[in-house]
Amino acid sequence: MPREFARKLRINVEIQRELAGLIREELTDPRVAGITVTDADVAPDLRQARIRVSLLGDDARLAEAVKALNHAGAKLRHGLGRRLKLRYTPQLHFVADTALREGDRLGQLIRQAVREDAQHLREEPPAPDRTE
């Protein structure tokens, strides 16, 4: 079993690398300009693949890019089949990867909370020392 798991990981990395090149070289749709393939996850039977993509910009632009990639999925699958020597070329399902955006948003919230705490500590007078 570990051998199959390692093979799946190698295939995931290969698909991610090759798809990034295919998207950059073969697609002329302006909606996919600047897209980054962040992850590829192939099913154990190698028939389906979920591809996570990210894009700088707003969520609406990312949704349009995912829609364009899913529309061009057959062309990308054909190109992937030419580049990779697999028995089955998986069907590609593109999804938006918002993990980076959520990480940035959470980091911003944490920095804001730390700033507000520091500001409250500076504004509050020290508590009187009660020694009896």
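In this predicted model, Gly-79 is found in helix H3, which covers residues 73-83. Gly-79 is buried, because its relative accessible area of 0% falls under the 20% cut-off. The C-alpha atom of Gly-79 is separated by 16 Å from that of Val-37. Along the chain, these two residues are 42 residues apart.

The strands come next. Three of them form an open sheet. Their order is E1-E2-E3, and the pairing is mixed. Strand E1 (36-42) and strand E3 (91-96) stand at the edges. Each has a single partner strand, so one side of each is left without a neighbour in the sheet. On average, neighbouring strands of this sheet are turned by 25 degrees against each other, direction ignored.

E1 and E2 run antiparallel. Six bridges join this pair. Across from Ala-49 in E2 stands Val-42. Helix H2, spanning residues 59-71, lies across E2 and E3. The helix runs at about 175 degrees to E3.

Strand E2 comprises residues 48-54, and Ser-54 lies in this strand. Is Ser-54 buried or exposed? Ser-54 is buried, because its relative accessible area is 9% and the cut-off for buried residues is under 20%. Residues up to four places away in sequence are not counted among its contacts. Beyond that range, Ser-54 touches Gly-34, Ile-35, Thr-36 and Thr-38. Ser-54 also touches Leu-62, Asp-97 and Leu-100.

Technical notes:
Residues numbered from 1 in each chain as written. Predicted model: local features only at pLDDT ≥ 70, side-chain atom pairs only at ≥ 80, totals over all residues. Heavy atoms only, no water. Helix = DSSP H or I, 4+ residues; strand = E, 2+ residues; numbered from the N terminus. Buried < 20%, exposed > 50% of the residue type's maximum accessible area, 1.4 Å probe, protein only. Contact = heavy atoms within 4.5 Å. Pairing = 2+ DSSP bridges. Axes fitted to C-alpha atoms, helices over the stretch in contact; angles between N-to-C directions.
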